[in-house]
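Trainee: I keep running into labels like "buried" or "salt bridge" and I just nod along. Could we go through a structure and check what earns each label?

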Amino acid sequence: MDGKKIGTETVKRGMAQMQKGGVIMDVVNAGQAKIAEAAGAVAVMALERVPSDIRAAGGVARMADPAIIEEVMRAVSIPVMAKARIGHSMEARILEALGVDYIDESEVLTPADEEFHIHKKEFTVPFVCGCRDLGEGLRRIGEGAAMLRTKGEPGTGNIVEAVRHMRRVNAQIGAVCAKGEDELMSFAKDLGAPHELVLEVKRQGRLPVVNFAAGGVATPADAALMMALGADGIFVGSGIFKSDNPEKFARAIVNATAHYLDYAELAALSKGLGAPMKGLEISGLTREQRMQERGW
Amino acid sequence: MVIMGAGRIGVLSLQGAVSEHIEAARRTGCSGFAVKNRKDLEAADALVIPGGESTAIARLIRKQGLEEEIRSFARARPLLGTCAGLILCAKELVACPDPAPLGVMDIKVERNGFGRQKDSFETDLEVEGIGTVRAVFIRAPFIHAAGPRVRVLARFEGKIVMAEQGKTLVTAFHPELTDDGRIFSYFAGKIQAAGPRRLHSD
């Protein structure tokens with residue numbers, strides 16, 4: 001008999017597999033967390049500010065006050081995630097000690113280390129990380145990420161970058177699968193990805209972990225689009241609580257994610273929601289304002 | 001022994017680890033497909049309610065108007081509930097009004113009974129009639145109390161983590177996350193025993 005083991009790769013990745021087909025919503029207090037849970041969110045991300053407010057406030061964005069995270073954990077029975085700065089292993093240790101269910105090592109916060117990401121394998125708590133392409137995603141998995149998401153461009157309400165990143169990841173998976181194994185060391189070098197993980201993608205025909213869409217989802221149609229492009233599920237940051245009617249938007253985005261191929265249903269649930277969050281044009285952002293450039 | 005084409009296993013496909021259950025069903029020699037609505041359900045010889053978030057799945061079941069459909073399906077046909085699926089099969093939940101379970105099995109269930117994700121674990125587990133399996137528990141529930149018609153198949157740390165009542169089988173852990181097909185084969189045995197659906201009009 002092999003006894004009880006916590007924090008194994010299967011347990012960490014499995015947690016993300018249970019979230020598939022679902023919506024993870026950013027919340028800043030217990031009230032919002034309850035709205036998200038009642039709407040059918042599969043998890044909430046506890047934050048001090050949603051990304052669009054972080055963008056507006058400027059300055060250094062850090063891990064949320066643990067009091068907010070604990071308030072959210074007490075308020076709901078669904079999993080609670082929280083964000084740590086890229087490379088900030090101590091923020092991550094604090095979040096782990098609080099007992100959060102997942103840590104997002106996130107470009108939405110100001111990076112703490114411009115060279116190294118957190119060595120995630122050392123933690124019991126699982127991590128999700130952002131990626132813009134397959135190489136970036138596989139590097140994060142190599143460090144121990146148990147779940148990926150596209151970076152998109154957070155806090156913009158503009159889906160274009162999430163689409164770009166999801167298409168790029170999928171095209172590169174297709175390229176890996178189409179190549180012979182003899183070509184994959186060279187391709188791994190081009191991708192900047194660990195060779196072993198490239199071979200794993202070829203074996204499985206897909207990423208070895210779940211990949212959600214994030215960074216710009218503002219409407220039910222956006223969520224359905226990302227599901228149709230192959231996302232395993234959806235993160236919504238500012239899109240719910242910066243819309244005119246958070247309850248309606250939350251429910252509609254959950255339903256659109258579950259029924260993304262039922263176009264009549266999508267039409268019905270998109271009706272009369274009120275105004276979505278106000279969006280930002282990506283070309284209006286300077287390189288320094290583009291959160292997706294954070295991390296490597 | 002399960003023969004090829006032994007049954008069509010529908011996996012409730014509203015949220016959760018759907019593809020994992022479909023693949024696990026196929027490994028037993030059954031066919032597996034996604035069930036999103038009443039019409040899909042009508043084509044199934046058996047149903048799986050997969051692991052996922054029970055609150056989210058319950059809400060989507062209600063929205064699709066599938067509650068009564070699933071209850072009446074479970075009276076006639078085999079049903080497997082894993083983790084969130086076990087929660088939804090319950091008659092009652094401990095200290096938790098939400099989600100309202102479907103009540104297809106005489107069990108009282110405690111959600112997140114083993115703790116949060118940091119407490120999630122895998123372990124070897126002795127299952128009655130099957131032997132030792134590797135069991136993956138993720139924010140898992142357990143069965144707090146079971147009625148007289150419920151047969152307990154496994155306990156961990158004294159808590160009931162697998163049980164059956166007639167054609168309904170539930171596990172608090174995730175057999176779909178390992179390559180060991182014995183639990184799905186056991187379920188496929190229930191499908192064989194129930195016979196093909198066309199011979200048993202509901």
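Mentor: Sure, here is a talk through some labels, one by one. Keep in mind that this model is predicted.

Trainee: Let's start with burial. Why is Pro220(A) called buried?

Mentor: Buried means under 20% relative accessible area. Pro220(A) has 3% relative accessibility, so it counts as buried. You'll find Pro220(A) in helix 10 of chain A, residues 220-228.

Trainee: Which residues does Pro220(A) contact, beyond its neighbours within four places in sequence?

Mentor: Those are Ala252(A), Ile253(A), Ala256(A), Leu269(A), Ser270(A) and Leu273(A).

Trainee: What makes Glu153(A) buried?

Mentor: Again, hold the value against the cut-off of 20%. The relative accessible area of Glu153(A) is 0%, so buried is the right word. Glu153(A) sits in the loop between strand 7 (147-150) and helix 7 of chain A. Setting aside residues up to four places away in sequence, Glu153(A) touches a list of residues including Arg55(A), Glu161(A), Gly215(A), Ile282(A), Arg290(A) and Gln292(A).

Trainee: Which residue has a side chain in polar contact with that of Glu153(A)?

Mentor: Gln292(A), at 3.0 Å. The cut-off for a polar contact is 3.5 Å, so a distance of 3.0 Å falls within it.

Trainee: And which residues are buried in helix 9 of chain A?

Mentor: In helix 9, residues 195-204, the buried ones include Leu197(A), Val198(A), Leu199(A) and Val201(A). Their cover includes helix 6 (134-143), helix 7 (160-178) and helix 8 (184-191) of chain A. After helix 9 comes Gly205(A), with a positive phi near 75°.

Trainee: Now the place where the chains meet. How many residues does each chain bring to the contact?

Mentor: Chain A brings 40 residues and chain B brings 40 residues. About 3,200 Å² is buried between them, with carbon and sulfur atoms giving 52% of that area. Arg59(B), Arg116(B) and Gln117(B) supply 20% of the area that chain B buries against chain A, more than any other three residues.

Trainee: What makes the pair Arg116(B) and Asp101(A) a salt bridge?

Mentor: The rule wants a side-chain nitrogen of Lys or Arg within 4 Å of a carboxyl oxygen of Asp or Glu. For Arg116(B) and Asp101(A), the closest N and O atoms are 2.6 Å apart, so the pair qualifies. The rule finds 5 salt bridges across this interface. It also has 25 residue pairs in polar contact, both residues at pLDDT 80 or more.

Trainee: Which elements of chain B each supply at least two residues to the side that touches chain A?

Mentor: Helix 1 (18-27), helix 3 (54-63), strand 7 (121-127) and strand 8 (131-137). Strand 7 gives the largest share, 6 residues. By type, the residues on that side of chain B are 10 nonpolar, 13 polar and 17 charged.

Trainee: How do you know that strand 1 of chain A pairs with strand 7 of chain B?

Mentor: Pairing takes at least two bridges. Strand 1 (residues 5-6) of chain A and strand 7 of chain B have 2 bridges, so they pair, in the antiparallel sense. Lys5(A) has Glu122(B) as its bridge partner, and Ile6(A) stands opposite Phe121(B).

Trainee: What makes strand 1 of chain A and strand 8 of chain B edge strands?

Mentor: The open sheet has 3 strands in the order 1(A)-7(B)-8(B), with antiparallel pairing. Each of those two strands pairs on one side only.

Trainee: One more: how many residues of strand 11 of chain B are buried?

Mentor: In strand 11, residues 159-165, 6 of its 7 residues are buried, and the strand is mostly covered. Strand 10 (residues 151-156) of chain B runs antiparallel to strand 11, joined by 5 bridges. One bridge there matches Phe156(B) with Lys159(B). These two strands form a hairpin with 2 residues between them, and Glu157(B) in the turn has a positive phi of about 50°.

Trainee: And how many bridges link strand 11 to strand 12 of chain B?

Mentor: There are 4 bridges to strand 12 (residues 168-171), also in the antiparallel sense. Ala163(B) has Val170(B) as its bridge partner. This hairpin has 2 residues between its strands, and Gly166(B) in the turn shows a positive phi of about 60°.

Terms used:
Residues numbered from 1 in each chain as written. Chains lettered and ligands numbered in written order. Predicted model: local features only at pLDDT ≥ 70, side-chain atom pairs only at ≥ 80, totals over all residues. Heavy atoms only, no water. Contact = heavy atoms within 4.5 Å. Buried area = accessible area lost by both parts, 1.4 Å probe. Polar contact = N/O pair within 3.5 Å; in protein donor to acceptor, adjacent residues only side chain to side chain. Nonpolar A, V, L, I, M, F, W, Y, C, P; charged D, E, K, R; others polar. Buried < 20%, exposed > 50% of the residue type's maximum accessible area, 1.4 Å probe, protein only.
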